[in-house]
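Dear colleague,

I am passing on a structure for you to look through, and below it you will find my notes on what turned up. Please read them with the model open beside you.

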Amino acid sequence: MNIKIFYGTPEVAPRMANQRIIKNNKLSLQVRQIYRWMGISIMMLAAVCLAIPGRSQDSAGVMRLMQTNQCQACILTGANLSNTDLTGADLSGSNLTSANLLGSDLRGANLTGVNLTGANLQSVNLRGANLTGVNLTGANLSRSQLVGAVLFLINLANADLSEANLSGTDLSRIYIEQANLNGAQLQGSNLTGAELFGVTLNNANLSGAILNSANLSGASARQAFLQGTQMQGTSLRNANLSRSNLRGALLTQADLSGADLWNADMHGVVLNDAILINTQLRNVQLQGASLEGTILSGADLEGAILTGATFRNVQLTGTNLRGADLTQIEIENVDFTQGIICDAILPDGRTARCR
């Protein structure tokens, strides 16, 4: 026989047990609600913190910059400084990797030694700013203003400088590999000895620019404006200059081997002692051009217009002059039989017979 012992009346014990269960359930529900609200609050706080410019790295630095217009050697990676007036600001030695400076005004700012790798500098005004030793690898500088800026020893590898204004800027001996300069304004700029390997300069304006001894090997400058440009001793090997305007350009001793100059305007160009081995020159306009000591071996000049050009000591081994216009050219020590002159209009007006 089982005997049940109750403390109190038999009806009271079950009721107390039920009350404890109900109480525990209420506590459990309250705890769950507290945790849920804590989670929501944490997420809201995180969202607010992320929305505040520069809070993720150095909020004190951003505040100091806003208040004093200077923040030397600050850690401002990823900071949001878009559309900010930073005229004359001193940010020398700071780290602004991946920072957002879209549309900001940095005229006359001191950015010496600043790290701007991957930063957004689109439409930024950098006129007269000091960018000595700045790292701009992969940065976006499209439509930025860089007139009068000091760009000594900067790194612009893989940077986007499309439609940027660099007119009259000193870019001598600068290193710009694989950068985008499409539509950039470089009129009158000094690019002496610059390394522009593999850059794109399509539709860029380099009128009157100085590119002596520069390296533009593999560059793309389709439909570029290069009137009066100085490119003495410049390497343009395998570059694409098709449909470009090179009127009056100085290309003495330049290397254009393998370059594409199809349909380019080369009126009055000076190509003395230049190397154009296997160069594409179809339909090129070379009226009044000077070719003294020029090497054109294997070059394709089919349909080219050479009226009034000067040919002295030119090498034409394997050169294609089919259908070219050679009227009134000045010839000295040139053997046209080394090339292909089928259907070409000869200096005396006769059309060469095809062999």
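A polar contact is a pair of N or O atoms within 3.5 Å, where, within protein, one atom must be able to donate a hydrogen and the other to accept it, and where residues adjacent in sequence count only if both atoms are side-chain atoms. Please bear in mind that this is a predicted model, in which local features need pLDDT of at least 70 and side-chain atom pairs count only at pLDDT 80 or more, while totals for chains, interfaces and linings use all residues. Residues are numbered from 1 along each chain as its sequence is written, and side-chain values use heavy atoms, with hydrogens and water left out.

With that term in hand, serine 244 is a good place to begin. Its side chain reaches the backbone oxygen of leucine 241 at 3.1 Å, and the side chain of serine 244 also reaches the backbone nitrogen of alanine 224 at 3.1 Å. Serine 244 has a relative accessibility of 1% and counts as buried, a word that stands for under 20% relative accessible area, with exposed meaning over 50% and partly exposed anything in between (1.4 Å probe, protein chains only). Leaving aside residues up to four places away in sequence, serine 244 touches several others, among them Ala221, Leu226 and Asp265, where contact means heavy atoms within 4.5 Å.

Serine 244 sits in the loop between H2 and E1; these labels refer to DSSP runs numbered from the N terminus, helices being H or I runs of at least four residues and strands E runs of at least two. In helix H2 the buried residues are Gly61, Val62 and Leu65. They cover an arc of only 100° around the axis, so they lie on the same side of H2, the arc being that of the directions from the helix axis to the C-beta atoms. Ala60 and Gln67, on the other side of H2, are exposed.

Next come the charged pairs. The whole structure holds 9 salt bridges, each a side-chain nitrogen of Lys or Arg within 4 Å of a carboxyl oxygen of Asp or Glu. One of them joins arginine 237 and aspartate 255 at 3.0 Å, N to O. Both residues lie in the loop between H2 and E1, so the pair ties together parts that are 18 residues apart in sequence. Arginine 237 is partly exposed at 39%, whereas aspartate 255 is buried at 16%.

Another salt bridge joins aspartate 300 and arginine 282 at 2.7 Å, N to O. Aspartate 300 is in the loop between E1 and E2 and arginine 282 in the loop between H2 and E1, so this pair too links parts 18 residues apart in sequence. Here aspartate 300 is buried at 13%, and arginine 282 is partly exposed at 32%. Salt bridges that share partners also join Glu292, Arg312, Glu330 and Glu332 into one network.

Finally, which aromatic rings pair up, and how are they tilted? The structure holds 1 aromatic pair. The rings of phenylalanine 311 and phenylalanine 336 have their centres 6.0 Å apart and their planes at 35°, so the pair is tilted (rings of Phe, Tyr and Trp, the last by its six-membered ring, pair if their centres lie within 6.5 Å; planes under 30 degrees apart count as stacked, over 60 as edge-to-face and the rest as tilted). Phenylalanine 311 is in strand E2 and phenylalanine 336 in the segment after strand E3, 25 residues apart, and both are buried.

With best wishes
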